[in-house]
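The exercises below are to be worked with the sequence and the coordinates at hand. Each task is followed by a solution in steps.

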Amino acid sequence: SFFNSLHPDDYVAVMTYDLHTHILSDFTNNKDIVAESLNSLTIPTFSETDVFDALYETLDRVSRIEGRKYIILIGSGRDTFSKLTLDKILAKVKATPNVTIFSISTGALLNEMGSGGGMAEMNYLQAQNQLKTFAQMTGGLYFAPIFQGELPDDFAQINNSIRNQYLVTYRPTNMKNDGSYRKVKVLLVDNEGHPLQMADEKGRPLKYSIIARDGYNAKLPVE
């Protein structure tokens, strides 16, 4: 249902990962090809997943594509045998511009069912936190559905987020081209600089949340 909501000029690639990353279909706007890839998915016979390596490879691929890019990362978040460490994949996420990651954890259900408790539960909690971090760093959303019935709403939120975004630009006061990471914080304020208070037509206060990248890498002199 999600990919059927995509626009004609949206290009999609479908990739899976276990000990290796597999490209089921490369970037295409042909929905029949995407559907064929999704319908070919099967339940894996083992649970080893190199999610760090897979995400790194995906970021590498999309960094060579112009325009806005989105990654929907689905999995428990547990990494078993990746060559990369968490620090290295976080650095890669930071260094890849114009990419938003939406992550959907399949580990929340396992935790809810009580998958052994103790160390196993801690592993899943850490894995979910990693997925949440990938999303927060890039201005994306993180979901941890417990019931399958939650997924349509989760994907609807992703679609809505993709279609409704503000592009905010500014000129930094630090003009050095040193490649350093610059943290950014986005706030909604009123004309006097105070936190913006929003209300509905009946005057009742409205809650809002700001979803934005937490920073960017400055350019290097050669750029």
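What percentage of the 223 residues in the protein do buried residues make up? The model is a predicted one. Buried residues account for 30% of the 223 residues.

**Exercise 1. Describe the protein as a whole.**

Step 1. Count the secondary structure elements: the protein has six helices and nine strands.

Step 2. Take the extent along the principal axes. The C-alpha atoms fill a box of roughly 60 × 55 × 45 Å.

Step 3. Consider the contacts between residues at least 6 apart in sequence. Of these, 73% join residues at least 24 apart.

**Exercise 2. Determine the span of helix α6 and how its buried residues are arranged.**

Step 1. Helix α6 covers residues 151-163, which is 13 residues. From first C-alpha to last it reaches 18 Å, close to the 18 Å expected at 1.5 Å a residue.

Step 2. List the buried residues, using the cut-off of under 20% relative accessible area. In α6 they are Asp154, Phe155, Ile158, Asn159, Ser161 and Ile162.

Step 3. Look down the helix axis. The buried residues of α6 fall within an arc of 160 degrees, so they line one face of the helix. The general background is that an α-helix has 3.6 residues a turn, so residues three or four places apart point the same way.

Step 4. Identify the cover. The buried residues of α6 are covered by elements including β3 (69-75), β4 (99-105) and β5 (142-143).

**Exercise 3. Characterise the packing of helices α2 and α3.**

Step 1. Choose the descriptors: two packed helices are described by the angle between their axes and the distance between the axes.

Step 2. Helix α2 (residues 51-62) packs with helix α3 (residues 86-95) at an angle of about 20 degrees, and their axes are 10 Å apart.

Step 3. Classify the angle. Angles under 35 degrees count as roughly parallel, and α2 and α3 are therefore roughly parallel to each other. The crossing of α2 past α3 is left-handed.

Step 4. Name the residues that meet. From α2 these are Phe52, Leu55, Tyr56, Leu59 and Asp60, and from α3 they are Leu86, Ile89, Lys92 and Val93.

**Exercise 4. Is Gly215 buried or exposed, and which residues does Gly215 touch?**

Step 1. Gly215 belongs to strand β9 (residues 215-217).

Step 2. Its relative accessibility is 3%, so Gly215 counts as buried.

Step 3. Leaving out residues up to four places away in sequence, Gly215 touches Tyr181, Arg182, Lys183 and Val184.

Step 4. Gly215 and Val99 are 116 residues apart along the chain, and their C-alpha atoms are separated by 12 Å.

Technical notes: Residues numbered from 1 in each chain as written. Predicted model: local features only at pLDDT ≥ 70, side-chain atom pairs only at ≥ 80, totals over all residues. Heavy atoms only, no water. Helix = DSSP H or I, 4+ residues; strand = E, 2+ residues; numbered from the N terminus. Expected span 1.5 Å × (residues − 1). Buried < 20%, exposed > 50% of the residue type's maximum accessible area, 1.4 Å probe, protein only. Arc of directions from axis to C-beta. Contact = heavy atoms within 4.5 Å. Axes fitted to C-alpha atoms, helices over the stretch in contact; angles between N-to-C directions. Parallel < 35°, antiparallel > 145°, perpendicular 65-115°, else oblique. Left-handed = near helix turned anticlockwise from the far one by under 90°.
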